[in-house]
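Please look over the sequence and the model shown here before reading the notes beneath them.

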Amino acid sequence: MSPLHAPAARLTDLLTGLEPPPAPAALPEGMFLLRGRADPAVLAPLIETVAATAPFRFMKTKRGGQLSAAMTSCGVCGWVSDRRGYRYESIDPDTGRPWPTLPPAFRRLAAEASAEAGFPGFEPDTCLINRYAIGSGMGLHQDADERDFGQPIVSVSLGLPTAFLIGGAERRDRPGPLPLQSGDVMVFGGPARLLFHGVRPVKPGFDPLFGPFRYNLTFRRAR
Ligand code: MD3
Ligand code: FE
């Protein structure tokens with residue numbers, strides 16, 4: 001399927017009578033939006049399985065605060081934050097055990113989406129799962145803890161809608177919103193890989209599969 005060819009209608013659109021949100025006229029070079037490319041019903045139980053082994057937790061920041069999204073990971077390593085800073089760890093510090101393995105359906109989705117966007121051969125070694133309750137979001141930042149910025153990032157939005165805030169190469173560049181719905185997949189590669197980005201706070205709502213939450217899967221090659 002062409003990355004520009006999204007399904008004509010989705011169940012949630014039919015139920016709510018809502019149109020899918022408009023995409024901006026142009027996305028930054030290297031950034032791709034694959035609307036409805038992921039099947040939320042397939043991914044929901046896989047998130048549950050990961051969280052049964054590596055529970056969602058609120059991580060601390062260097063400065064004594066707490067991240068507003070609950071997080072867990074799967075793969076050969078997982079992204080962690082604590083008083084010492086950010087990094088990838090092979091052992092989950094909360095359980096003392098390795099992170100659960102990447103479900104094959106996760107690998108397949110990340111590989112297919114990145115190939116559709118023009119980045120063939122992407123083999124993620126980790127997936128960070130962010131869970132946002134109503135009112136939580138993520139401030140503007142860069143994803144720069146990975147070894148090879150030549151590798152893309154694949155992001156899958158699930159549950160309640162929100163908007164990504166897409167900035168520029170410098171923190172001072174004013175970000176613009178990109179509305180996203182459950183099942184939307186984004187690929188960030190090449191010149192988009194190090195752009196500043198964030199997530200708008202999630203508005204009140206209830207998703208039939210995910211309840212009062214937004215989830216995001218972020219596939220990366222960390223090592
Ligand atoms: C890379 N998560 O975990 S998806 C993160 O929705 C993070 O949970 C957000 O940012 C979330 O680091 C966003 C990942 C993402 C989004 C936009 C990007 C990565 C990006 C833009 C440029 C480069
Ligand atoms: Fe990020």
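The report below takes up confidence, the iron site, the cysteines and one helix.

## Basis and confidence

This is a predicted model, in which local features need pLDDT of at least 70 and side-chain atom pairs count only at pLDDT 80 or more, whereas totals for chains, interfaces and linings use all residues. Residues are numbered from 1 along each chain as its sequence is written, chains are lettered from A and ligands numbered from 1 in the order in which they are written, and side-chain values use heavy atoms, with hydrogens and water left out.

The mean pLDDT of the protein is 93, and 91% of the residues score at least 70; pLDDT is the predictor's confidence in each residue, from 0 to 100. Among the elements, which are DSSP runs numbered from the N terminus (helices H or I, at least four residues; strands E, at least two), strand β5 (residues 126–133) has the highest mean pLDDT, 99, and helix α1 (residues 11–16) the lowest, 60. Over residues 1–6 pLDDT stays under 50, and the model has six contacts for them beyond four places in sequence, a contact being heavy atoms within 4.5 Å. Where pLDDT is low, the predicted coordinates should not be read in detail.

## The iron site

The iron ion (ligand 2) has as its protein donors His141 (NE2), Asp143 (OD) and His197 (NE2), lying 2.1 Å from it. Donors are N, O and S atoms within 2.8 Å of the metal (3.2 Å for Na, K and Ca), and water is not among the atoms, so sites may look incomplete.

In sequence, the donor residues follow the spacing H-x1-D-x53-H. Asp143, in the loop between β6 (138–141) and β7 (153–159), and His197, in strand β11 (residues 197–199), are 54 residues apart and link distant parts of the chain. Asp143 counts as buried at 8% relative accessibility, whereas His197 is partly exposed at 24%; buried means under 20% relative accessible area, exposed over 50%, and partly exposed in between (1.4 Å probe, protein chains only).

## Cysteines

The structure holds zero disulfides, a disulfide being a pair of cysteine sulfur atoms within 2.5 Å. The closest cysteine sulfur to that of Cys74 is in Cys127, 4.6 Å away and therefore too far for a bond; Cys74 itself is buried, with a relative accessible area of 0%.

## Helix α3

Helix α3 (residues 104–116) has 13 residues, and its buried residues are Ala105, Phe106, Leu109, Ala110, Ala113 and Ser114. These buried residues lie on the same side of α3, because they cover an arc of only 155° around the axis, the arc being that of the directions from the helix axis to the C-beta atoms. Just after α3, Gly118 takes a positive phi of about 100°.

Conventions:
The expected span of a helix is 1.5 Å times one less than its number of residues.
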